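User: Please take one part of this model and look at it closely, beginning with a single residue and working outwards to whatever can be said with care about its surroundings.

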Amino acid sequence: MITQHLPILQVIVPLLTAPLCLLVQDRRFAWGVSLAASWTAFLIAALLLDQTLEQGVISYELGGWPTPWGIEYRVDTVNAFVLLIVAAISSVVLLFAQRSVAKEILFTRIPLFYTAYMLCLAGLLGITVTGDVFNLFVFMEISALSSYTLIALSEQRRALTAAYQYLFMGTIGATFILIGIGLLYMMTGTLNMQDLSQRLPAVTGTRTVETAFAFLTVGISIKIALVPLHLWLPNAYAYAPSVVSAFIAATATKVAFYVLLRFMFTIFGVSFAFKTMPLNFIFMVLALAAMFAGSTAAIFQDNIKRLLAYSSIAQIGYMILGISFASVTGLTAAILHLFNHALMKGALFLSLGCIVYRLGMANMEQMRGLGRLMPWTMAAFVIGGLSLIGVPLTVGFISKWYLVVGALERGWWPLAVAVLVASLLALVYVWRVVEVAYFQAPSPAHAGEIREAPRSMLLPTWALIIANLYFGIDTSLTVGVASQAARQLLGVSE
Amino acid sequence: MWLAELPPFVPFYAAALLAGLTRGRIRVLILLAAPLLGGLQLLGVESGVELQTRFLGYELIPFRVDKLSLLFGYLFHIGALLAIVFSLHVRDTLQHVAGLCYAGSALGAVFAGDLITLFVFWELLAVSSVFLIWARRSERALAAGFRYLMMQIFSGVLLLAGVLLHLQQGGSLQFSYIGLDGLSGWLIFIAFGIKCAFPLLHNWLTDAYPEATPTATVFLSAMTTKVAVYALARGFPGTELLIYIGVVMTCFPIFYAVIENDLRRVLGYSMINQIGFMVCGIGIGTQLALNGALAHAFNEVIFKGLLLMSMGAVLQVTGRINGSDLGGLYKTMPKTAALCIIGAASISAFPLFSGFVSKAMIMTAVLEEGHDWAWLFLLFASAGVFHHAGIKIPYFAFFSHDRGIAATEPPANMLLAMLLAALLCVLIGSYPRLLYELLPFPVTYQAYDFSHVISQLQLLLFAALAFAWLNLQGLYPPELRAVNLDSDWSYRRLLPLTVQRLLSIGQPLDAAVRRWGAGCARSLINTLSRHHAPQGLLARNWPTGSMVLWVALLLGAYLLAYLFEVSDQ
């Protein structure tokens with residue numbers, strides 16, 4: 001009975017938890033109820049994925065209104081997979097959150113923090129689950145506004161500027177997306193994705209649809225932080241509270257990437273996006289620029305959070321590169337990397353969260369000798385870093401493998417080489433941290449004072465690290481789902 | 001039944017994890033349990049067991065048992081046990097954990113049934129072993145460790161490239177005979193060759209092993225090169241090139257070993273010499289030769305382990321390892337001295353000691369196949385082994401001039417490990433059947449017949465005579481006590497003067513090229529950092545206005561691109 005309503009429950013549970021946190025105004029309660037809501041959402045996502053794998057696409061009519069008129073929630077393998085990773089990361093991050101938040105956020109604002117966090121989660125899940133483009137826009141605004149709040153809650157004053165810039169850029173992005181949706185609505189008279197995909201071919205030749213396509217591409221590119229529209233991201237990630245960095249870095253750009261996949265493949269269709277429009281060529285150039293500019297900038301960063309932020313920009317490049325192949329393998333690689341990158345960045349930002357918890361900040365200078373002072377935290381960081389580089393037995397290797405195979409399948413071997421060279425750049429920036437942490441003596445101010453992070457923070461971090469290793473070895477779930485999702489998006493039969 | 005399918009690396013990795021979490025006595029128990037229980041478990045495993053799994057669309061065989069891999073499986077359990085007992089007194093989590101991981105990776109490699117699994121363990125072996133070198137925690141060890149790691153990773157990269165090429169050319173993923181036809185075969189061959197310390201690819205061994213801690217060297221000597229010998233025996237048996245490589249490997253280290261002062265480095269060179277015998281046997285590729293090579297690998301782990309343990313004990317107790325600083329220790333360390341002599345007798349292939357029963361097999365096989373001159377070189381090398389390892393090591397450490405070093409016997413666990421190794425040497429030397437039963441091919445060879453024993457004794461006696469004579473005449477190199485023999489120095493002295501002249505001509509050119517290269521690198525880094533450093537163009541904080549400008553530009557670009565693209569059609 002209740003299983004029929006899972007798609008709406010997916011959104012409703014965190015959405016209703018948010019006002020609860022605000023009304024009760026108790027830190028413990030807010031954390032506990034958010035944690036419970038998030039794990040419930042995780043359970044629902046797992047059930048949904050199971051259902052879609054067994055029975056195919058789930059369509060849920062909101063309020064019983066039939067589809068083209070009412071709002072439809074539509075779950076197929078693609079978004080079930082994204083729902084799962086978002087809910088999973090959120091649940092693990094919340095386990096970690098209690099002590100980290102208590103340390104980094106003003107005492108009185110903690111209930112407010114969990115309120116915003118739940119809103120953000122609800123927004124991200126809503127974007128993913130919905131089958132209606134306007135509804136998607138609404139959820140996008142919910143998640144964006146709440147994430148501006150989350151970043152601004154940091155005690156660092158620079159977070160305010162960062163949040164302000166993010167707000168500015170995010171709003172422009174959302175507006176562009178809205179304009180795109182408006183133009184599509186003008187031409188087709190519908191907002192339902194399935195309906196749109198059927199009506200669009202009749203009007204594809206028109207300038208209006210082309211303009212809509214351009215607005216949507218740019219708008220979503222801002223949200224994904226695809227070079228050169230990535231400038232808001234480094235500061236937003238660097239100055240946000242640790243928990244927020246981990247959560248947003250691992251989920252928000254991934255969900256935006258999912259939106260891109262939805263628009264390109266489900267709504268416009270691959271032949272329009274890549275054959276009529278030269279989008280795959282543009283994407284390839286931007287992806288390469290992102291991979292190299294992001295990684296190179298990361299090498300020169302002193303603030304480790306900023307370093308990881310630039311590395312995220314580079315990793316987004318890999319995903320976009322996967323799309324630009326416009327093949328099943330390329331798309332599989334992109335979706336795999338979406339999942340895998342969430343795991344590695346989540347783990348890395350959480351281990352940084354442990355460091356910030358003890359040191360107050362995470363600059364190169366402070367990291368000296370940390371390998372000895374905080375062995376477990378640094379070991380987690382190193383494994384996460386190896387995964388980022390793409391060492392075998394980690395998830396990073398799996399996604400790069402498919403990316404390289406995808407490039408070779410097309411015969412574009414220079415791209416395969418580019419992927420490998422960019423991985424070497426990742427080796428450089430990860431190694432910089434390792435060298436400082438393991439091969440330099442601790443600064444005298446720290447010795448004796450800095451201890452290992454508390455267990456309640458280490459355990460969630462290591463849970464993600466183990467996931468990094470586990471899915472690097474047993475790829476049956478991730479690769480299976482990702483390739484099925486890729487086939488669904490491309491409309492290729494099994 | 002499930003136990004039969006438990007890959008042997010699992011107990012070691014599990015023990016490594018547990019050893020990282022425990023202290024004191026519990027850790028000692030865990031350390032000992034890994035090789036003992038793992039060994040017992042392995043005794044129950046029969047040839048023919050196979051474990052299959054799928055990964056990235058490939059059929060992998062992470063665990064495959066046949067007589068060849070079983071032999072190395074037993075060997076590594078023995079080697080690991082000896083090394084663990086020898087290092088029980090050490091209170092260093094890093095060494096214990098790295099040692100167990102290292103042994104586990106070696107076992108994983110020899111039981112790998114396909115090339116991808118082999119590659120994975122090949123790399124794990126490299127990464128885990130470098131920590132054993134770094135565990136010395138000195139500047140020199142750190143640098144040597146990096147050089148070592150670079151060579152090992154390079155070997156892994158070559159292996160991966162070779163395997164991928166092999167697959168692309170339609171080769172099977174199964175790890176069986178590979179052979180030298182085609183580029184892929186060569187890549188894999190060189191990858192194995194680096195780990196096997198082929199001439200000119202050997203420097204990592206003599207560079208890094210003497211820099212490891214006294215206990216870690218014992219671990220290192222047991223596994224890395226033997227995994228490579230195993231890989232060669234499986235992938236390239238009967239490759240004629242290996243005979244020549246093997247002969248060079250047996251002969252050239254002798255000269256280095258004789259003039260080297262660091263006694264553990266002497267043993268490093270001697271290890272290359274011993275591996276040369278095995279490589280030669282693999283190159284000949286007859287059943288007798290392969291049996292001999294594998295048996296020799298088995299024995300070498302034990303007697304070289306014993307020698308390294310005795311030198312490790314000397315280093316541990318006295319803090320010195322150079323031949324010119326040691327001497328007269330037999331008075332204070334009589335037990336260590338006696339055990340060291342057993343190791344020396346084994347490596348020199350005295351009858352009744354283990355080296356004899358395996359080396360003679362290789363020599364006989366070489367003669368049977370008609371490689372007479374190769375036999376002569378091997379004979380010379382055998383005499384050389386006796387010189388530098390059989391006599392020089394015990395002589396300079398325990399006898400020679402008494403330098404009045406205050407020393408005591410090493411801790412009991414070190415003595416116990418040496419005693420175990422010495423017993424094995426004598427046992428195998430006296431009852432060679434024990435070892436022959438384990439070999440992959442049936443053995444009809446008789447080690448103890450009249451001609452073998454007599455000719456070997458003759459050889460040894462004359463070699464001993466030569467040493468004694470050179471020593472009495474004051475001609476033996478380390479007697480030139482004014483010179484501190486360092487590896488650097490020995491390399492330079494051996495290089496002919498002409499080469500140095502050539503170098504001096506080439507030097508300005510070389511310097512110019514280097515300057516140019518360094519200049520290029522510097523300007524590249526400067527450019528990059530100008531653009532990418534936190535204040536650089538591409539990484540600084542941009543005002544919101546310019547971000548928006550980018551949005552406008554990009555939107556315009558997209559619109560234009562679409563406009564032209566569509567109007568083209």
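Analyst: Leu352(B) counts as partly exposed because it has 14 C-beta neighbours inside 10 Å, a count that lies between the limit of 12 or fewer for an exposed residue and that of 20 or more for a buried one. The model in which this residue is seen is a predicted one. The backbone of Leu352(B) has a positive phi of about 80°, although the residue is not a glycine, and its place in chain B is the loop that runs between helix 13 (334–347) and helix 14 (354–368).

A second residue of chain B can be set beside it. Ala197(B), which is likewise not a glycine, has a positive phi of about 60°, and it is found in the loop between helix 7 (182–195) and helix 8 (203–208) of chain B. The surroundings of Ala197(B) are described by 26 C-beta neighbours inside 10 Å, and therefore this residue counts as buried, whereas Leu352(B) is partly exposed.

Helix 13 of chain B, which precedes the loop of Leu352(B), also packs against helix 16 (residues 412–430) of chain B, at an angle of about 35° and with the two axes 10 Å apart. The crossing of helix 13 of chain B with helix 16 of chain B is left-handed. From helix 13 of chain B the contact draws on Lys335(B), Leu339(B), Ile342(B), Gly343(B) and Ser346(B), while helix 16 of chain B contributes Leu415(B), Met418(B), Leu419(B), Ala422(B), Cys425(B), Val426(B) and Gly429(B). Sorted by character, the residues of this contact between helix 13 and helix 16 of chain B comprise eight nonpolar, three polar and one charged.

Beyond chain B itself, there is the contact between the chains, to which chain A gives 31 residues and chain B gives 26. On the side of chain A that touches chain B, helix 6 (158–188), helix 8 and helix 12 (279–299) of chain A each supply at least two residues, and the largest share, seven residues, comes from helix 8 of chain A. The residues on that side of chain A divide into 21 nonpolar, eight polar and two charged.

Helix 8 (207–224) of chain A is followed by a loop, leading to helix 9 (233–239) of chain A, in which Pro228(A) has its place, and the peptide bond from Val227(A) to Pro228(A) is cis, with omega near 0°. As for confidence, the mean pLDDT of chain A is 90, with 99% of its residues reaching 70 or more.

Technical notes
Residues are numbered from 1 along each chain as its sequence is written. Chains are lettered from A and ligands numbered from 1 in the order in which they are written. This is a predicted model: local features need pLDDT of at least 70, side-chain atom pairs count only at pLDDT 80 or more; totals for chains, interfaces and linings use all residues. Helices (H or I, at least four residues) and strands (E, at least two) are DSSP runs, numbered from the N terminus. pLDDT is the predictor's confidence in each residue, from 0 to 100. Two residues are in contact if their C-beta atoms, placed from the backbone, lie within 7 Å. Ala, Val, Leu, Ile, Met, Phe, Trp, Tyr, Cys and Pro count as nonpolar, Asp, Glu, Lys and Arg as charged, and the others, Gly among them, as polar. Axes are lines fitted to C-alpha atoms, for helices over the stretch in contact, and angles run from 0 to 180 degrees between N-to-C directions. A crossing is left-handed if the near helix is turned anticlockwise from the far one by less than a right angle, and right-handed if clockwise.
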